[in-house]
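This report describes one protein chain and its bound metal ions. The overall form comes after the terms, followed by the metal sites, the salt bridges and a surface patch.

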Amino acid sequence: MQARLIPNLNSSNDLDAVVVLVHQMEEGQAPDSQVEAWTGGLLSDFAARKEFRGKTLETAVVHRPTGLDTARLLLVGLGAEKDQNAAAVRRACAVAARALKNKGVRRLAVVPTAGLGADLTAQAIVEGVGLTSWEPDVYKTADRPDGAIEELLVVAGEGEQGLTRGVAIADGRNYARALGNEPGNILTPTELADRARAMAADAGLECDVIEEEQLEQMGCGALLGVAQGSVEPPVMIVLRYEPENASDPDMHLGLVGKAVTFDTGGISIKPSASMDEMKYDMAGGAAMLGAMKAIAALKPSVAVTAIVPSVENMPGAAAQRPGDVVTSLSGKTIEVLNTDAEGRLILADALTYAQRLGCTHLVDAATLTGSVVVALGHERGGVYTNDEEWQAKLLASSEAAGEKMWAMPMDDEYKEQLKSPIADLPNIGTRWGGSITAAIFLKQFADPTPWIHLDIAGTAWHDSNKPDIPKGPTGVAVATLVDLALSL
Ligand code: BES
Ligand code: ZN
Ligand code: ZN
């Protein structure tokens, strides 16, 4: 999708549709005079008849609007003006674009409201419309609704920087969604590495893929233990972005993402109901690759390295057994009490490796535990840290990006659960506080580097259609991580 700014609309723009964002109109409030004129007085009519008042995601269509070169104008409600935020604009635009693209609309203009600032508004509009460029029906050979919005005009005199950010973030997020959608038989660790290599070449990033033999030489025993039950060899994907002028040459951001291309649970096998969803157990890794794609386009002034360990967790004849002891890259030994707690094993080695590569600040993202879904549902992801200051930065970015997250506790008392009679630590605690003990496990491999863990098990996948996004992978964390990199 192409996006650009256009200062105003006239009678010769040749548009398939115009979307006008409208704040909720209170009783007796006069409508915006420009919108009233385009609709030929219908806006106040709609308000009086309660047909359309600008409530959140309320819509109304006006055909052949006055003074505009388009067949239709779509009014979309943003809700009360006092509650305005970028997320409402993003959602409204996604809903509008989804409705219009299946009606043959390719060239679309969006008329924003004032109040949020030109850059934030332009960014939210482009992100919202851009989100609709990708759909999960890629393997359908029939009945695919056609097309996407090809050209988006944002009606504003300024906001170029926001527009550019919006395009890159939507693109990175759709890239991550597309990876999360791929089935396990197609997206193996080797295939993920191939795609990362191709993306890196295209985006101008350096890419190294560490293969099985080298992982053995390095001593990545925690990662290799998970991989050994599968015929698919494991990889560790490394992508590098170097800024031209680093704002702080001592800072090096490391983005570590869990990429289990399919998680059967291994010998501690999962029940079959919904096991198909475990194809998205690579969503953390996909988010890091999507963020790197956007980072390559937006060129923040900090060095960023993504480290994506990728394996398939299978119960093969060579699979690791519950009770096995493995030696991680850090040298710490781990008693694998449950082979389904595999994400933390591959992340342990990746976190160690990230520090060896010189990363000074770490963020990991992982579909790590069912427990975080019990705690926070599908609305917010869990945030865990060993450094409150670093966490405050990430939470500010998550707020700015409109990706809801929640800081979870990390008290030392939880560590009591991680005692093994035979090795340095077990890979599971008790049933209680499972997402926290998983994070405490990771902390043993991240310390002393400032580190944040994002448990996105509940937010990386929607199991039903939403007005703004279809059922399937969400691309969560890309927008937050890009905002974070740009803020450093
Ligand atoms: N990939 C799963 C976590 C998960 C669950 C992601 C639901 C998305 C939705 C992870 O590898 C796992 O199986 N975790 C176990 C850990 C347990 C054995 C301590 C879990 O959460 O049940
Ligand atoms: Zn698992
Ligand atoms: Zn998993």
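A residue is called buried when its relative accessible area is under 20%, exposed when over 50%, and partly exposed in between, with a 1.4 Å probe and protein chains only. The model is predicted, so local features need pLDDT of at least 70 and side-chain atom pairs count only at pLDDT 80 or more, while totals for chains, interfaces and linings use all residues. Residues are numbered from 1 along each chain as its sequence is written, chains are lettered from A and ligands numbered from 1 in the order in which they are written, and side-chain values use heavy atoms, with hydrogens and water left out.

**Overall form**

The chain contains 14 helices and 20 strands; these are DSSP runs numbered from the N terminus, helices being H or I of at least four residues and strands E of at least two. The radius of gyration is 24 Å, close to the 23 Å that the globule rule gives for 488 residues, so the chain is as compact as a globular protein of that length. That radius is taken over C-alpha atoms, and the rule is 2.2 Å times the number of residues to the power 0.38. Along the principal axes, the C-alpha atoms fill a box of roughly 80 × 50 × 45 Å. Of the 488 residues, 57% count as buried.

**The zinc sites**

Donors are N, O and S atoms within 2.8 Å of the metal (3.2 Å for Na, K and Ca); water is not among the atoms, so sites may look incomplete. The zinc ion (ligand 3) is coordinated by Lys 258 (NZ), Asp 263 (OD), Asp 281 (OD) and Glu 342 (OE), at 2.0 to 2.4 Å. Along the chain, these donors have the spacing K-x4-D-x17-D-x60-E. The site of the zinc ion (ligand 3) is octahedral, with angles of 77 to 172° among its six donor atoms.

For geometry, four donors count as tetrahedral if all angles lie between 85 and 135 degrees; four count as square planar and six as octahedral if opposite donors are over 155 degrees apart and all others between 65 and 115; anything else is irregular. Ideal angles are 90 or 180 degrees for six octahedral donors.

The zinc ion (ligand 2) has as protein donors Asp 263 (OD), Asp 340 (O), Asp 340 (OD) and Glu 342 (OE), lying 2.0 to 2.2 Å from it. The spacing here is D-x76-D-x1-E. Six donor atoms subtend angles of 71 to 167° around the zinc ion (ligand 2), which makes the arrangement irregular. Asp 340 is partly exposed, at 22% relative accessibility.

The two sites share a residue: Asp 263 bridges the zinc ion (ligand 3) and the zinc ion (ligand 2), which lie 3.2 Å apart.

**Salt bridges**

Side chains of opposite charge can pair when their charged atoms come close. A salt bridge is counted when a side-chain nitrogen of Lys or Arg is within 4 Å of a carboxyl oxygen of Asp or Glu. The whole structure holds 24 salt bridges, including those in the table.

| Pair | Closest N to O distance |
|---|---|
| Glu 127 and Arg 90 | 2.9 Å |
| Arg 107 and Glu 151 | 2.8 Å |
| Glu 342 and Lys 258 | 3.1 Å |

Glu 342 lies in the loop between S13 and H10, and Lys 258 in the loop between S9 and S10, 84 residues apart. Glu 342 is buried, with a relative accessible area of 1%, and Lys 258 is also buried, at 1%.

Glu 127 and Arg 90 form a salt bridge at 2.9 Å. This pair links helix H4, which holds Glu 127, to helix H3 (residues 86–101), which holds Arg 90, across 37 residues. Glu 127 is buried at 7% relative accessibility, and Arg 90 is buried at 10%.

Arg 107 forms a salt bridge with Glu 151. Arg 107 lies in strand S5 (residues 107–111) and Glu 151 in strand S6, so the pair ties together parts that are 44 residues apart in sequence. Arg 107 is partly exposed, at 21% relative accessibility. A network of salt bridges links Arg 4, Arg 107 and Glu 151.

**A surface patch**

Val 138, Tyr 139 and Ile 186 make a nonpolar surface patch of about 240 Å². Patches consist of residues with over 30% relative accessible area and no salt bridge, like charges being joined within 9 Å and nonpolar side chains (Val, Leu, Ile, Met, Phe, Trp, Tyr) within 5 Å. Accessible areas come from the Shrake-Rupley method with a 1.4 Å probe; for residues, only the protein chains shown count as cover. Val 138 sits in the loop between helix H4 (118–131) and strand S6 (151–155), and Val 138 is partly exposed at 33% relative accessibility.
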